[in-house]
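Trainee: Could you take me through one part of this structure slowly, and then show me how that part sits among the rest?

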Amino acid sequence: MNPYIISKENNGALLFTINRPDRRNAINYEVMSGLEKAIDMAAGNDVKVFAITGAGDQAFCSGGDLSAFHSLKTETQAYGMLSRMAGILYKLLVLPKPTIAILNGSAVGGGCEIASACDFRIGREGMKAGFVQGNLAITTGWGGGSILLEKLPQNIAMKILLDAKIYTAEELRDLGFIHHIYKNHPIDACLSFMSGSLEKETTVLEAYKTLLNKKWRILSMRERMEEEAARCAVLWRMRLTIKKWTNS
Ligand SMILES: CC[C@@H](C(=O)O)C(=O)SCCNC(=O)CCNC(=O)[C@H](O)C(C)(C)COP(=O)(O)OP(=O)(O)OC[C@H]1O[C@@H](n2cnc3c(N)ncnc32)[C@H](O)[C@@H]1OP(=O)(O)O
């Protein structure tokens, strides 16, 4: 089974689906490569909106594939993986097209970081999500903490990161993390939520994203995301001395 699917939907929407439902759509190196490829495709003139979702109705994404990344022991090894994904999420952040995460199910750890890098997040009724990294004695390592701190009010973002708890869809909407809760078909919900953008000229969409991207440059977002990956890599090595991950 291909670990990801890239498909063109109606009216210029490009959809990236993480296709590992039996692993709750955890991210491994193949999915990272697929996401890089899809983001490059999304920059093309024929694409107006880029959407990311997960296969099945259990999970959007359960973060990094803990079995695949279990072999990363040293700070350098961990940094290689974390830094690569931080680079991918920065490209997603500054993609000159509107982006949306369709949270079709649980979003945990790095799954929330991917969602944070998108302009909009919609969630299926009953889904849950949380930045649980703090419970694993690490932090966000893909740059998602830096992004969250800019996209949500600072006190709310800090509470979410420090508490590392799982929230319901309604709580996530109240916190401002998700922008709409849908009940029926995820793609239909996405196309409906993004219909305004899909009707506009690509030049208009790109112009607004260019305005936003200037802000990310002024805020040195790329550098901050890289530093976040580097600090997480230190904690990743240190976690081996803590019992939390010894069975994973
Ligand atoms: C590494 C990067 C780092 C970052 O920088 O952010 C992170 O992402 S840290 C966070 C890592 N992720 C997690 O800790 C999440 C672990 N998973 C869960 O909490 C739950 O699985 C779930 C996502 C809430 C879904 O729960 P549920 O629907 O009840 O499914 P199961 O728990 O029974 O899982 C089914 C199946 O999938 C495997 N699985 C789940 N998550 C991962 C994962 N992240 N990596 C690898 N495999 C995963 C799980 O082991 C089960 O496998 P089987 O027992 O073989 O069926």
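What follows is a close look at one helix, and then at the core, the sheet and the ligand shell.

Mentor: Please keep in mind that this is a predicted model. Let us take helix α5, which covers residues 144–151. Of the 8 residues of α5, 6 are buried, so the helix is largely enclosed by the rest of the structure. The buried ones are Gly144, Gly145, Ser146, Ile147, Leu148 and Leu149, and what covers them includes α3, α4, α6 and α11, the last of these spanning residues 221–238.

Among these covering elements, α6 (residues 154–163) deserves a closer description. Two packed helices are described by the angle between their axes and the distance between the axes. For α5 and α6, the axes come within 7 Å and cross at roughly 145 degrees. On the α5 side the contact is made by Gly145, Leu148 and Leu149, which meet Gln154, Ala157, Ile160 and Leu161 of α6. Sorted by class, the residues of this contact are 5 nonpolar and 2 polar, with no charged residue.

Another of the covering elements, α3, leads us to the interior. The largest nonpolar core has 71 residues, and those with the most contacts inside it are Ala51, Leu82, Leu89, Ile100, Ala101, Leu103 and Ile122. Helix α3, running over residues 75–93, gives the most to this core, with 11 residues. Leu103 can serve as an example of the packing: beyond its neighbours within four places in sequence, Leu103 is in contact with residues including Phe60, Ala115, Ile122, Met127, Ala129 and Ile178.

The sheet can be read in a similar way. It is an open sheet of 4 strands in the order β4-β6-β8-β9, with mixed pairing. β4 (59–61) and β9 (167–168) stand at the edges with a single partner strand each, so one side of each has no neighbour in the sheet. β4 and β6 run parallel and are joined by 2 bridges, and in one pairing alanine 59 has serine 106 of β6 as its bridge partner.

β6 (106–108) also brings us to the ligand, since β6, α2 (66–69) and α4 (110–117) each supply at least two residues of the shell around it. α2 gives the most, with 3 residues. The ligand is surrounded by 23 residues, of which the closest are Gly63, Gly64, Gly109, Gly110 and Gly141. By class, this shell holds 8 nonpolar, 11 polar and 4 charged residues.

Terms used
Residues are numbered from 1 along each chain as its sequence is written. This is a predicted model: local features need pLDDT of at least 70, side-chain atom pairs count only at pLDDT 80 or more; totals for chains, interfaces and linings use all residues. A residue is near a molecule or strand if its C-beta atom, placed from the backbone, lies within 6 Å of it. Ala, Val, Leu, Ile, Met, Phe, Trp, Tyr, Cys and Pro count as nonpolar, Asp, Glu, Lys and Arg as charged, and the others, Gly among them, as polar. A nonpolar core is a set of buried Ala, Val, Leu, Ile, Met, Phe, Trp, Tyr and Cys residues joined through C-beta atoms within 7 Å. A residue is buried if 20 or more other C-beta atoms lie within 10 Å of its own, exposed if 12 or fewer, and partly exposed in between; C-beta atoms are placed from the backbone. Two residues are in contact if their C-beta atoms, placed from the backbone, lie within 7 Å. Two strands pair if DSSP finds at least two bridges between them. Axes are lines fitted to C-alpha atoms, for helices over the stretch in contact, and angles run from 0 to 180 degrees between N-to-C directions.
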